[in-house]
Amino acid sequence: MKISRKDILKTVIALCLAVVPVACSVSVKFNGASIDYSQTKTIEIADFPIRSSYVWGPMGPIFNNQLKDVFASHTKLIQVKRNGDLKIEGEITRYDQRNKSVSSEGYSSQTELSMTVNVRFTNNTNHSQDFEQQFTAQTTYENTQSLTSVQEELVTQMVKEITDQIFNATVANW
């Protein structure tokens, strides 16, 4: 049986392709977190009270649960009640609505709903990363809908956006 150069070349290429994944390792973090788990093991996330003049009762629990969930699902940090390596605290400072656009008849056709959260972040392993910052999200709904019929969905969307912003600012270090 005669082996051609073409067969030898195919065999060499196949062996190289088989060895490359074993010889090389690529580290990719799909969750965006860049945490040194040898130094940072715990996180303390305080419940954020609502301090805005306009209040929708379920907004506080929706926000607080989502913030804790995003860290639980995207990091290996253990959530503690006090003395965490990382600490996140703050308050919901603004929740309001305003007319966004006017129809040709001169009436408001869309309303913008917005939410602002003030966050104080403390990194007890590296205080140079401490900060206090506000995070805001807005969404719009048609005035043919009542706020009560869309409020839960819209608040949930804004909460997701704000908690993602907080996650990125605190542990993503882009």
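In what order do the elements of the chain run from the N terminus on? They run α-β-α-β-β-β-β-α, which comes to three helices and five strands. Helices (H or I, at least four residues) and strands (E, at least two) are DSSP runs, numbered from the N terminus.

This is a predicted model, in which local features need pLDDT of at least 70 and side-chain atom pairs count only at pLDDT 80 or more, while totals for chains, interfaces and linings use all residues. Residues are numbered from 1 along each chain as its sequence is written, and side-chain values use heavy atoms, with hydrogens and water left out.

**Stop 1: the sheet**

Select the five strands. They form an open sheet in the order β2-β1-β3-β4-β5, with mixed pairing; two strands pair if DSSP finds at least two bridges between them. The edges are β2 (78-80) and β5 (131-142), each with a single partner strand, so one side of each has no neighbour in the sheet. From one strand to the next the twist averages 30 degrees.

Next, select β1, residues 42-45, together with β2. The two strands run parallel and are joined by three bridges. Ile43 has Gln79 in β2 as its bridge partner. On to β3: β1 and β3 also run parallel, with three bridges between them, and the partner of Ile45 in β3 is Ile88.

Now show β3 with β4. These two run antiparallel and are joined by 15 bridges; Ser101, for one, is partnered by Gln110 in β4. The two strands form a hairpin with five residues between them, and Gly106 in the turn has a positive phi of about 90 degrees.

**Stop 2: a loop residue**

Select Asn83, in the loop between β2 and β3. Most residues other than glycine have a negative phi. Asn83 has a positive phi of about 60 degrees although it is not a glycine. Is Asn83 buried or exposed? Its relative accessibility is 69%, so Asn83 counts as exposed. The cut-offs are under 20% relative accessible area for buried, over 50% for exposed, and partly exposed in between (1.4 Å probe, protein chains only). Of the 174 residues of the chain, 34% count as buried.

**Stop 3: the helices on the sheet**

Select α2, residues 59-74. This helix packs on the sheet and touches β1, β2, β3 (86-102) and β4 (108-123); contact means heavy atoms within 4.5 Å. The direction of α2 makes about 125 degrees with that of β3. Axes are lines fitted to C-alpha atoms, for helices over the stretch in contact, and angles run from 0 to 180 degrees between N-to-C directions.

Then add α3, residues 147-172, which lies across β3, β4 and β5 and runs at about 150 degrees to β5.

Within α2, pick Leu67. At 0% relative accessibility, Leu67 counts as buried. Not counting residues up to four places away in sequence, Leu67 touches Ile45, Phe48, Ile88, Thr163 and Ile166. For a distance label, use Leu67 and Asp164: they are 97 residues apart in sequence and 8.3 Å apart in space, C-alpha to C-alpha.

**Stop 4: the core**

Which residues touch the most other members of the largest nonpolar core? Select Phe63, Phe71 and Met115, out of 35 residues in that core. Such a core is a set of buried Ala, Val, Leu, Ile, Met, Phe, Trp, Tyr and Cys residues joined through side-chain atoms within 4.5 Å. At least two residues each come from β1, α2, β3, β4, β5 and α3, and α3 supplies the largest share, 10 residues.

Centre on Phe63. Not counting residues up to four places away in sequence, its contacts include Phe48, Ile92, Met115, Val117 and Val159.

**Stop 5: rings**

The whole structure holds four aromatic pairs. Rings of Phe, Tyr and Trp (its six-membered ring) pair if their centres lie within 6.5 Å; planes under 30 degrees apart count as stacked, over 60 as edge-to-face and the rest as tilted. Select Phe121 and Phe131: their ring centres are 5.3 Å apart and their planes at 35 degrees, so the pair is tilted. Phe121 lies in β4 and Phe131 in β5, so the pair ties together parts 10 residues apart in sequence. Phe121 counts as buried, at 2% relative accessibility.

Finish at Tyr37 and Lys76. The charged end of Lys76 sits over the ring of Tyr37, 4.6 Å from its centre. The criterion is NZ of Lys or CZ of Arg within 6 Å of the ring centre and within 35 degrees of the ring normal.
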